[in-house]
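Me: I should be grateful for a close look at a single part of this protein. Please treat the pairing of two strands and then place that part in its surroundings.

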Amino acid sequence: MNKRILKIRITFLIILLSAMTVLSIRSYGQPVIGILPVGTNVNSAALNEQQWQSLSVQMQDLLVSQMQKTGTIRKLSREHILLLLKELPSPEPENLTDEAYKIISKKENLNYLVRCSVESIRVDDKNVLMPIRVVIIDGSTGKKFWEKPLAVSRIISTPMLSEHLLLNEVFKPSLSELMPEIKGLSY
């Protein structure tokens with residue numbers, strides 16, 4: 001009876017170890033990527049400050065969802081970044097240094113950080129010009145791993161600019177065009 005129980009336990013352990021090995025192999029090799037808040041420090045009468053902040057969160061959510069298949073993705077809020085950087089004198093989440101990137105990466109166990117920013121916006125009737133810059137930072141060095149500025153120019157469906165229009169008719173299509181290049185990088 002004891003030998004039979006021992007065989008069952010050994011078999012169970014072998015199955016459990018095999019399952020753990022398969023699961024760890026599946027996640028092995030995939031980078032852990034932190035998505036920073038999207039910078040929208042744009043002086044424009046197109047949207048007020050609260051609308052820009054809301055748009056920033058929506059753009060960050062879109063980045064998170066688009067990058068899901070690239071690796072393990074973590075969304076980082078401005079408040080969380082401030083907590084991570086509390087030992088630095090007056091940290092600025094919108095303007096991080098190489099050292100700040102390294103601290104965030106180390107504390108959150110991230111391989112890379114993605115920073116996206118809207119450089120400016122110009123609206124002329126239904127034409128929108130919104131330059132965007134996407135930067136991927138190597139977490140171990142705090143240095144740029146990859147960078148792509150986009151001169152986004154789109155014709156929107158109505159001249160009445162809104163968060164919804166900017167997100168769905170300008171930012172989302174531009175990000176969709178950029179995703180194959182980001183997913184094709186050797187992390």
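In which sense do strand 5 and strand 6 pair, and over how many bridges?

Reply: The model is a predicted one, and the description below rests on it. Strand 5, residues 127-138, and strand 6, residues 144-155, run antiparallel to each other and are joined over eleven bridges. One position along this pairing is Met 130, whose bridge partner in strand 6 is Val 152. The two strands form a hairpin with five residues between them. In that hairpin, Gly 142 adopts a positive phi near 80 degrees.

Phe 145 lies within the residue range of strand 6 and belongs to an aromatic cluster with Tyr 112 and Tyr 187. The structure holds three aromatic pairs. In one of them, Tyr 112 and Tyr 187 meet edge-to-face, with 5.1 Å from centre to centre and 70 degrees between the planes. This pair connects distant parts of the chain, 75 residues apart: Tyr 112 belongs to strand 3 (residues 112-118), and Tyr 187 to the segment after helix 5 (163-183). Tyr 112 is buried because its relative accessible area, 10%, falls under the 20% limit. Tyr 187, at 27%, is partly exposed.

As for the setting, the protein contains five helices and six strands, arranged along the sequence as α-β-α-β-α-α-β-β-β-β-α. Of its 187 residues, 37% are buried. Among contacts with a separation of 6 or more, 60% involve residues 24 or more positions apart. The protein exposes about 11500 Å², of which carbon and sulfur atoms supply 55%.

Technical notes
Residues numbered from 1 in each chain as written. Predicted model: local features only at pLDDT ≥ 70, side-chain atom pairs only at ≥ 80, totals over all residues. Heavy atoms only, no water. Helix = DSSP H or I, 4+ residues; strand = E, 2+ residues; numbered from the N terminus. Buried < 20%, exposed > 50% of the residue type's maximum accessible area, 1.4 Å probe, protein only. Contact = heavy atoms within 4.5 Å. Areas by Shrake-Rupley, 256 points an atom, 1.4 Å probe, with all protein chains shown as cover. Pairing = 2+ DSSP bridges. Phe/Tyr/Trp six-rings, centres within 6.5 Å; stacked < 30°, edge-to-face > 60°.
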